[in-house]
Amino acid sequence: MEKTMEPKNVKTGEFYSGENCGTLTGEQSNKKYKSGAWGTYLQWNGLGKRIAKGEKGTTIWRPVNIPTGKIDKTTGEQKFKSVPKYWSVFNEEQTEEIVVS
């Protein structure tokens, strides 16, 4: 895994931005993580790693648009509202290889 200090999603390769970047950078600094790779439980599992026992995730979020079930009378289009969606992500140093016996 490439070692970078800037928080980056392990699956997409995209850098985190905004508040999430600040949250993850702060966590890396506080916990002295040398890796900037972050991912959800399922993303790490898909890469053959598991979250080490006792490790806690860091919460990040982004806004998502969900349909309200209402139609805009002016445009006739579906109305949406923006709500936050939350995830727990783990740093690469909180993971360990899955060992198959």
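Contact, in this tour, means heavy atoms within 4.5 Å. The model is predicted: local features need pLDDT of at least 70, side-chain atom pairs count only at pLDDT 80 or more, and totals for chains, interfaces and linings use all residues. Residues are numbered from 1 along each chain as its sequence is written, and side-chain values use heavy atoms, with hydrogens and water left out.

Select Glu27 to begin. Glu27 belongs to helix 1; helices (H or I, at least four residues) and strands (E, at least two) are DSSP runs, numbered from the N terminus. Apart from neighbours within four places in sequence, Glu27 is in contact with Tyr33, Trp38 and Thr58. Its relative accessible area is 19%, and it counts as buried because buried means under 20%, exposed over 50% and partly exposed in between (1.4 Å probe, protein chains only).

Extend the selection to helix 1, residues 18-31. Asn20, Cys21, Leu24, Glu27 and Gln28 are buried there. Viewed down the helix axis, these buried residues fall within an arc of 135° (taken from the directions from the axis to the C-beta atoms), so they line one face. On the other side, Gly18, Glu19 and Asn30 are exposed.

Next, display what covers the buried residues of helix 1, including strand 2, strand 4 and strand 5.

Finish with the sheet. Four strands form an open, mixed sheet in the order 1-2-5-4, where two strands pair if DSSP finds at least two bridges between them. Its edge strands are strand 1 (8-9) and strand 4 (58-71). Strand 4 runs antiparallel to strand 5 (residues 78-91), joined by 11 bridges. Select Asn65 and Ser82: Ser82, in strand 5, is the bridge partner of Asn65.

Conventions: Axes are lines fitted to C-alpha atoms, for helices over the stretch in contact, and angles run from 0 to 180 degrees between N-to-C directions.
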